[in-house]
4 protein chains.
Amino acid sequence: ELGDFVEEINNVSLEYVRSFEFDSKLMPSTWIVVRIDGCHFHRFSEIHEFAKPNDDRALNLMNSCAVAILEKFWEDVVFAYGVSDEYSFILNKNSNLYQRRANKIISAIVSYFTSTYVMRWKDFFAQSELKYPPSFDGRAVCYPSTEIIRDYLSWRQVDCHINNQYNSCFWKLVASRKSKREAQNSLKGAQLQKKIEELAIDYNKLPIMYRQGSSIYREKVDNVLMHQENEESTECYGKVIVEHIDIIGPTFWLEHPNILDE
Amino acid sequence: ELGDFVEEINNVSLEYVRSFEFDSKLMPSTWIVVRIDGCHFHRFSEIHEFAKPNDDRALNLMNSCAVAILEKFWEDVVFAYGVSDEYSFILNKNSNLYQRRANKIISAIVSYFTSTYVMRWKDFFAQSELKYPPSFDGRAVCYPSTEIIRDYLSWRQVDCHINNQYNSCFWKLVASRKSKREAQNSLKGAQLQKKIEELAIDYNKLPIMYRQGSSIYREKVDNVLMHQENEESTECYGKVIVEHIDIIGPTFWLEHPNILDE
Amino acid sequence: ELGDFVEEINNVSLEYVRSFEFDSKLMPSTWIVVRIDGCHFHRFSEIHEFAKPNDDRALNLMNSCAVAILEKFWEDVVFAYGVSDEYSFILNKNSNLYQRRANKIISAIVSYFTSTYVMRWKDFFAQSELKYPPSFDGRAVCYPSTEIIRDYLSWRQVDCHINNQYNSCFWKLVASRKSKREAQNSLKGAQLQKKIEELAIDYNKLPIMYRQGSSIYREKVDNVLMHQENEESTECYGKVIVEHIDIIGPTFWLEHPNILDE
Amino acid sequence: ELGDFVEEINNVSLEYVRSFEFDSKLMPSTWIVVRIDGCHFHRFSEIHEFAKPNDDRALNLMNSCAVAILEKFWEDVVFAYGVSDEYSFILNKNSNLYQRRANKIISAIVSYFTSTYVMRWKDFFAQSELKYPPSFDGRAVCYPSTEIIRDYLSWRQVDCHINNQYNSCFWKLVASRKSKREAQNSLKGAQLQKKIEELAIDYNKLPIMYRQGSSIYREKVDNVLMHQENEESTECYGKVIVEHIDIIGPTFWLEHPNILDE
């Protein structure tokens, strides 16, 4: 029945229909950042009763999913930095993942992250059912030099710091029986450093994960060892580790020169 | 400790770091198709022992996720067509979802689809554990007229038809103790219509879902009824239905003029 | 001497160097507008002593160059509208000029227009030497339907009207010994229609070219005639004509249905 | 008369019409190459009787126009390389010309080059009238590092070398009464180096401009001098010079470190 139409559509229209497709490619030889963000996680965190301002279960679940990304895309993703419901993945300058097609890269990373998030939910929220499907959006940005990619990461870590100061004050105020509106007003335009003192928050005693976010990368593997043990290639890349460290200063990068090695 | 750096990065570098971001926007007043595809679903279907050439559980799970998309993005997505591990979602010409930013639209749809897929897996595969996180990639294409969006859908349905013919033959051959290699060779360049007859496949008796794929849209709601019952706005848009129908010919579209109504 | 290097660069780097190139293509089946604008024509018009607010020589030179574009790109450009130092060229929806590569289309049209402008300068400014090289910039915009392309043209003609009202008032004030600053201030936020009356400008007596801009298109050719006379193919497309007409209302378009014929 | 319509189009449609415009921006902190090419210069060179394989008048006119580009865009264009009817302009990594909008940059450079070409034609072709308007097309490419921009320039100079070898052989054959077809066939797949010897072409005696193309840049100015003489700012940037030199090897770049200085 479809016969004639099949002929026609194959010969005449297919090329035309496909001519509307386009692939925007990310510039070669630049660092690619894929940043994902929870969609409407304000509501999601309320309905799933996340502790405020930071929920260890939720943060550890995010970290676990980010580790999964570094394991799956081990040839391409060299570093990840996460805070709250956001994660940034850095792809190697020379990565040719999906021929650097932006849409493929973004959607495949977002999708795998989401999938892992749902599958591992129960590992982190044993007592709490997932009430509806969470989702994340994603975007890609290219940076042409190592300096700028480090500026990018510094920006995210500064943001973590500022948000954490703000949220610590906000929830302390709410805990002291202020309404959310009142808490918000009292912080509008305030110097956060001062507010923290006023509210007697012992900021430096807060868990370092809250203050510095989470950095994920692969341990460098000893080459000699690698050859001797004759393991699978993915193993050569070393174990993926999660740390809560200063990525703004030079120390970490000097100690791990291979991560952003061109 | 971060104090000084915070100042500096806020005032000097932030604007610079952000200047690398870009948002490609999809052309206004055009139909947007977001097509998602399972990543490495060949392997995924083997490991999860999908029935071949078509697995009802897998297809119904896909359909269920697509229904969820039409329900969540009810203001924007007006039609969906799916076959195998692929689904196309048509957004209204006038949709302003995420200000038509391509990356946001693609990633949010892919992510919600994936999330739903994992959460509902057990509803369709009661006996079979999900062994690892499935993922999907996505892309967006714009079409400037109703004719072309219909050509697009025809292309996908013809593809469904051809693939289903091929797969029916292939798995019949495999069932008759040919190796996969032999089956492939015997079909190379063959006229599928003839092969179907030779192999005594009663093609028209195959379930219509296999032959025509799945089309999803909202039932038109009677306006008078709508106002009387004073229901929530989402309800006005009618129930989402899944059908297995010919979307190449004019009949369906003449009977549902509102779907692609400009 | 270059020998070895030639080998190396040909085999190793060429593909890499070229991988940075990209061609952004304009969406198929959409009307393309290429709009060009004089660069710093405020200064150019002063140095070349253009009559104010409108210089017939300058406008006729612009029109002459636009006619040249319609003649050279006769298969692609179907209409042009110009005012002051700006011209918009409409390419047919189905044009495949340079495979719809944006940069090629824009640069080739801008370049040919510029070249013609310089070559024909002396035909319009017999008494006045060209003192330095004029230049134009260009951009392309796609519009998916005939309605929107007409909205675009209406927008440009309304702009012509408003600018001409403003400039007529401004230069009348300057002629009456106001300084430019004073003239500007006196018009700030004013109702132009009223100002025109106050200043006793007989607006409707102004040349129609000033009030309506210039529209350029090809006369439709009688098919029978065409075949009889056996002329060159470009001739079939009819003579290019310049008119000063209302392109906002429906009349012109009803009388020339072939111009925006899909 | 337009009154009502003016209101309507201003309030309702203008924003909509403009929403179709888009500006693709070139990535910050990358070297921009704008390469322009003569359109149909094969025919143009025949009609204007250019000497073959190289016409000094034509090459010097091209160089003169490129110098004009470096003078006009002195804050942005740091180097140019030209051969035959092609010129590449390198914009500084940090250039913010037209906010790095691709279309503006390309069209403004192409237009000014074209305009200068026509105006200066008579200075180089005193005996020969310009018979029709020449035109150029243009494109932009970004390169993220100094190494790659040098690879780009090496590619163009190698191309110059190969084309010049080929053309020297071709026109020598034509001069020896071969037809163009025969000349072409005799060179198909040939080793050019050998052919040059066979045809007794004293290649290294050919003018260096033919063999190495033309490189254009600004002489570095002594800072002390600059301040003393208190000249106009453009002057600070030094005189623009045209040279015919090897830009593949390191020597030139070591002697002129400021040109590609980041």
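**Figure 1. Salt bridges and polar contacts between chain B and chain A.** Eight salt bridges are counted between chain B and chain A in this predicted model. One of the pairs that meet the salt-bridge rule is E21(B) with R139(A), whose closest N and O atoms lie 3.6 Å apart. Between chain B and chain A, the count of residue pairs in polar contact is 16, with both residues at pLDDT 80 or more.

**Figure 2. Extent of the interface of chain B and chain A.** The contact draws 53 residues from chain B and 54 residues from chain A. Together, chain B and chain A bury about 5000 Å², and 66% of that area is on carbon and sulfur atoms. Of the interface residues of chain B, 100% are also interface residues in chain A, so the two copies meet through the same surface.

**Figure 3. Superposition of chain B on chain A.** A turn of 180° with a shift of 0.0 Å along the axis lays chain B on chain A, at an RMSD of 0.0 Å. The two copies are thus related as by a two-fold rotation axis.

**Figure 4. The contact of chain B and chain D.** Six residues from chain B and six residues from chain D make up this contact. Within chain B, the residues that lose the most area to chain D are F20(B), P28(B) and S29(B), which together account for 70% of what that side buries. The area buried between chain B and chain D is about 470 Å², with 65% of it on carbon and sulfur atoms.

**Figure 5. Polar and charged features where chain B touches chain D.** The rule finds zero salt bridges across the interface of chain B and chain D. On the side of chain B that touches chain D, four residues are nonpolar, two are polar and none is charged. Two residue pairs are in polar contact between chain B and chain D, both residues being at pLDDT 80 or more.

**Figure 6. The rotation axis relating chain B and chain D.** Chain B can be placed on chain D with an RMSD of 0.0 Å by a turn of 180° and a shift of 0.0 Å along the axis. Among the residues of chain B, S24(B) comes closest to the rotation axis, with its C-alpha at 4.4 Å. The same surface serves both copies, as 100% of the contact residues of chain B recur in chain D.

**Figure 7. The largest cavity and its lining.** Two cavities of 30 Å³ or more are found in a search of the whole structure. The largest cavity has a volume of about 60 Å³. From chain A, F22(A), S24(A), A102(A) and N103(A) line the largest cavity. The lining of the largest cavity also includes F22(B), S24(B), A102(B) and N103(B) from chain B.

Notes: Residues numbered from 1 in each chain as written. Chains lettered and ligands numbered in written order. Predicted model: local features only at pLDDT ≥ 70, side-chain atom pairs only at ≥ 80, totals over all residues. Heavy atoms only, no water. Least-squares fit on C-alpha atoms with pLDDT ≥ 70 in both. Contact = heavy atoms within 4.5 Å. Buried area = accessible area lost by both parts, 1.4 Å probe. Salt bridge = Lys/Arg side-chain N within 4 Å of Asp/Glu carboxyl O. Polar contact = N/O pair within 3.5 Å; in protein donor to acceptor, adjacent residues only side chain to side chain. Nonpolar A, V, L, I, M, F, W, Y, C, P; charged D, E, K, R; others polar. 1 Å grid on protein atoms, 1.4 Å probe; cavity = no way out; pocket = protein on both sides within 12 Å on 5 of 7 lines; lining within 4 Å. Points joined across faces, edges and corners; volume = space filled by probe spheres on them.
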